[in-house]
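Reader: I'm new to this one. Could you take me through its aromatic rings up close?

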Amino acid sequence: MGLGVLLSYLLVCYLFFYCKCMEGYQKLSKEEDLELEEQLKRLNKPTVKSITTKYGDIYDCVDFYKQPAFDHPLLKNHNFHPEMKPTSTPRRVSPKKKSRIPKLDYKPVRIGLEGGGCPLGTVPIRRTVKDELITAKFHSEMHASKVNPLDVPGFPGVHYCFASSQAAIDYDGVGGTLSVWNLPAQAPQYTVGRIKLRNGDESMEVGWTVNPGLYGDTRTHLYIYTNASQSHCYNAQCGYVHLNPNVPVDSVIDPVSTYDGEIYSIDLSIYQDAATKDWFLKVFGINIGFWPHKIFTNLGNTATEAEWGGEVFSPPKIPSPPAGSGHLLLSDEADTSRDAVSANSHIVVNNTIMDPPDGVLEIADDTDYAVFDKGDVGGDIHYLIFYGGLGGAT
């Protein structure tokens with residue numbers, strides 16, 4: 001039996017096993033079924049308006065005060081409102097002068113709902129049916145078990161290629177300009193490019209992903225992931241408060257980059273309001289929502305680590321999907337016109353945007369993936385990190 005045939009056979013076997021697992025997940029007790037029905041009621045709130053995207057996703061425009069975040073037990077008594085803004089905005093330290101001023105010839109992705117989005121005072125929440133809720137729960141729990149892969153050497157299935165800043169400072173934010181790609185993956189595989197903040201077992205992240213099991217398609221989506229104390233979930237289901245009426249946190253990202261072609265990017269950042277300690281999420285410099293500090297324990301105060309890069313998952317013994325741009329990444333040949341990057345990579349300390357301090361770690365667990373920290377190269381690229389790989393690890 002040839003290698004290609006064997007690998008195809010293994011993938012088919014695992015997908016069969018995965019489907020059986022999902023069937024088992026769907027064989028719920030009466031109590032579990034009632035709990036899911038209650039969750040659906042909390043998610044699918046009365047709507048002011050519904051928007052169907054060209055991809056077939058339905059977003060309901062829900063009153064700000066009725067969004068799923070406020071079903072969180074720690075947010076029952078709050079004073080949040082639709083016009084929430086941070087009390088302060090981080091400022092940038094003047095960049096160092098460089099002899100060469102490289103340019104980042106990227107185009108911004110299009111993101112947001114058609115037709116102007118939802119009315120003011122409402123937020124877009126993706127309509128969910130029971131099967132999707134079961135699938136989301138399965139994938140959230142699967143991702144949560146891998147949220148700290150370095151804590152479990154050789155954790156089966158997860159592979160990563162990211163740069164990590166772990167200096168003995170309080171990280172009040174992280175940000176970067178990520179090139180966005182669409183890579184092949186089959187459920188339950190996923191591939192992501194993201195920025196991330198961590199403190200112990202808690203984390204929050206934002207980026208782009210191809211995750212067929214979660215979204216039911218192979219398109220590239222925006223996503224957030226929250227790991228807070230005992231709760232963990234994708235997107236808007238466990239305490240994240242959405243503000244923007246036009247940009248859902250799980251929307252399709254389009255167009256995406258092509259190797260040796262047009263490169264498209266998205267500007268992402270997470271930073272802590274100095275006064276309230278809440279964590280705000282910015283997309284292209286616009287505050288679209290925030291994580292209230294009270295849903296966290298460790299991250300309720302500060303973060304201790306910042307990351308930029310990629311992560312993939314595939315079942316054990318099944319070749320892993322590609323990361324980044326999906327091509328072989330070599331340090332001497334890394335190129336912003338072909339390879340996945342986090343440009344303008346930065347942290348926030350004391351309300352000041354700055355480069356990561358010396359000692360950034362390059363973490364890749366397999367030779368099929370790589371990450372290269374190029375430091376501050378100047379120009380509008382600033383601090384540059386390459387990451388990616390062909391995939392194929394087992």
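Author: Here's a look at the aromatic rings, with a short stop at a hairpin afterwards. This is a predicted model, where local features need pLDDT of at least 70 and side-chain atom pairs count only at pLDDT 80 or more, while totals for chains, interfaces and linings use all residues. Residues are numbered from 1 along each chain as its sequence is written, and side-chain values use heavy atoms, leaving out hydrogens and water.

The structure holds 11 aromatic pairs (rings of Phe, Tyr and Trp, the last by its six-membered ring, pair if their centres lie within 6.5 Å; planes under 30 degrees apart are stacked, over 60 edge-to-face, the rest tilted). Take Phe80 and Phe290: their ring centres are 5.0 Å apart and their planes at 80 degrees, so this pair is edge-to-face. Phe80 sits in the loop between strands S2 (58-63) and S3 (91-92), and Phe290 in strand S15 (residues 286-291), so the pair ties together parts that are 210 residues apart in sequence. Strands here are DSSP runs of E, at least two residues, numbered from the N terminus. Both Phe80 and Phe290 are buried, meaning under 20% relative accessible area with a 1.4 Å probe, protein chains only. They belong to one aromatic cluster along with Phe64, Tyr65, Phe70, Tyr271 and Phe280.

Now for that hairpin. Strand S20 (residues 369-376) has six of its eight residues buried, so the rest of the structure largely encloses it. S20 pairs with strand S21 (residues 383-389) in the antiparallel sense over seven bridges (pairing takes at least two DSSP bridges). Six residues lie between S20 and S21 in the hairpin, and Gly378 in the turn has a positive phi of about 85 degrees.

Key. Helix = DSSP H or I, 4+ residues; strand = E, 2+ residues; numbered from the N terminus. Buried < 20%, exposed > 50% of the residue type's maximum accessible area, 1.4 Å probe, protein only.
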